[in-house]
Amino acid sequence: MINLMYITKRPDIAKIAEEAGVDWIFVDMEFIEKDTRQGGLDTVQNHHTVEDVTAVKTAVCKAKVLVRVNPIHEASSEYFSSEEEIDAVIKAGADIVMLPYFKTIREIDAFIKYVDNRARTCLLVETPEAAALLETIVEIPGIDMIHIGLNDMHLALKMKFMFQLLADGSVDKWTSVIKSKGIMFGFGGLASLDGGTVPGRMILKEHYRLGSRMVIVSRSFCNADKIGDLDEIRVIFRNGIRDIRMLEMECQHQSNDYFENNRIVTNKAIEEFIKGI
């Protein structure tokens, strides 16, 4: 089964997600320069804290806590350094630490050094520079998993829609490099199976076609910050995660033709959406 991630800093929501079958609770501390590159877009900029990591870790029993830290940076008058930040989140309970928006091998080396085998490492490949270095990156010891960030990547490449990277073969190419070294990988986010610009069921089947092992359950699946009733949130998670797992069971017993047909239909849906923009 694919590891499902959900982004939240709220312990009550983390517990609901865990009970529904979400594998990893995603605490998002990234904020440095994020507003600059995503300014004006309908994107979430969370700026969670070390205290949020502690609170979420305390709330869950089985789910792993993944923390996205900031890109590699030095200390400033307003914020501590990458080394201090990574040390703090590991001490707060992070099981997996994610490095976003890197462009050089030097940044990866620093990240691995700062983690120092105290947590699992995840690289978020979301810049053209990082994608160009993938064949070198997968040879670096100490990388446990790689996630391809379609949102920032499509913005950097001046594309209209993040799933263009799926339709044009880019995701196939990048994941082939990662798979060649047996590194766990994932990409993008997943809406509810019948929701999203491209229905989530199409995207989930693409994950299975490519061999993905991780995906973010997006805010369009359940935007807990806009729903005041915890029971309503609980029902959304319970039913939505159940449906995802049922489709996964179906995917596990299908032929290549099943996935190829879905790839064709998915690419057509992506192309039709782009034409309408």
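In this predicted model, Arg 201, Leu 204, Lys 205 and Tyr 208 of helix H11 are in contact with Ile 244, Leu 247, Glu 248 and Cys 251 of helix H12. Sorted by class, the residues of this contact are five nonpolar and three charged, with no polar residue. H11 covers residues 200-210, and H12 covers residues 230-251. The axes of the two helices come within 10 Å and cross at roughly 45 degrees. Because an angle that is neither under 35 degrees, nor over 145, nor from 65 to 115 counts as oblique, H11 is oblique to H12. The crossing of these two helices is right-handed.

From H11 the reader may turn to the strands. H11 lies across strand E7 and strand E8, the latter formed by residues 214-217, and runs at about 170 degrees to E7. Both strands belong to a closed barrel of eight strands, which proceeds in the order E1-E2-E3-E4-E5-E6-E7-E8 with parallel pairing. From one strand to the next, the twist averages 25 degrees.

Where does strand E7 pair with strand E6? E7 consists of residues 184-190 and E6 of residues 145-148, and four bridges join them in the parallel sense. Within this pair, Ile 146 stands opposite Phe 185 in E7.

Strand E1, made up of residues 3-7, shows how the barrel is joined on either side of one strand. With E8, strand E1 pairs in the parallel sense over four bridges, and Asn 3 stands opposite Met 214 in E8. With strand E2, residues 24-28, strand E1 pairs over three bridges, again in the parallel sense. Here Met 5 is placed opposite Trp 24 in E2. Is E1 mostly covered or mostly exposed? Four of the five residues of E1 are buried, and the strand is thus mostly covered. As a general rule, the side chains of a regular strand alternate between the two faces of the sheet.

A second pair of helices may be read in the manner of the opening one. The axes of helix H1, residues 11-20, and helix H3, residues 50-59, come within 8 Å and cross at roughly 40 degrees. That angle makes H1 oblique to H3, and the crossing of H1 and H3 is right-handed. On the H1 side, Pro 11, Ala 14, Lys 15 and Glu 18 take part in the contact, and they meet Ala 55, Val 56 and Ala 59 in H3. By class, this contact has five nonpolar and two charged residues, and no polar ones.

Note on methods: Residues numbered from 1 in each chain as written. Predicted model: local features only at pLDDT ≥ 70, side-chain atom pairs only at ≥ 80, totals over all residues. Heavy atoms only, no water. Axes fitted to C-alpha atoms, helices over the stretch in contact; angles between N-to-C directions. Left-handed = near helix turned anticlockwise from the far one by under 90°. Contact = heavy atoms within 4.5 Å. Nonpolar A, V, L, I, M, F, W, Y, C, P; charged D, E, K, R; others polar. Pairing = 2+ DSSP bridges. Buried < 20%, exposed > 50% of the residue type's maximum accessible area, 1.4 Å probe, protein only.
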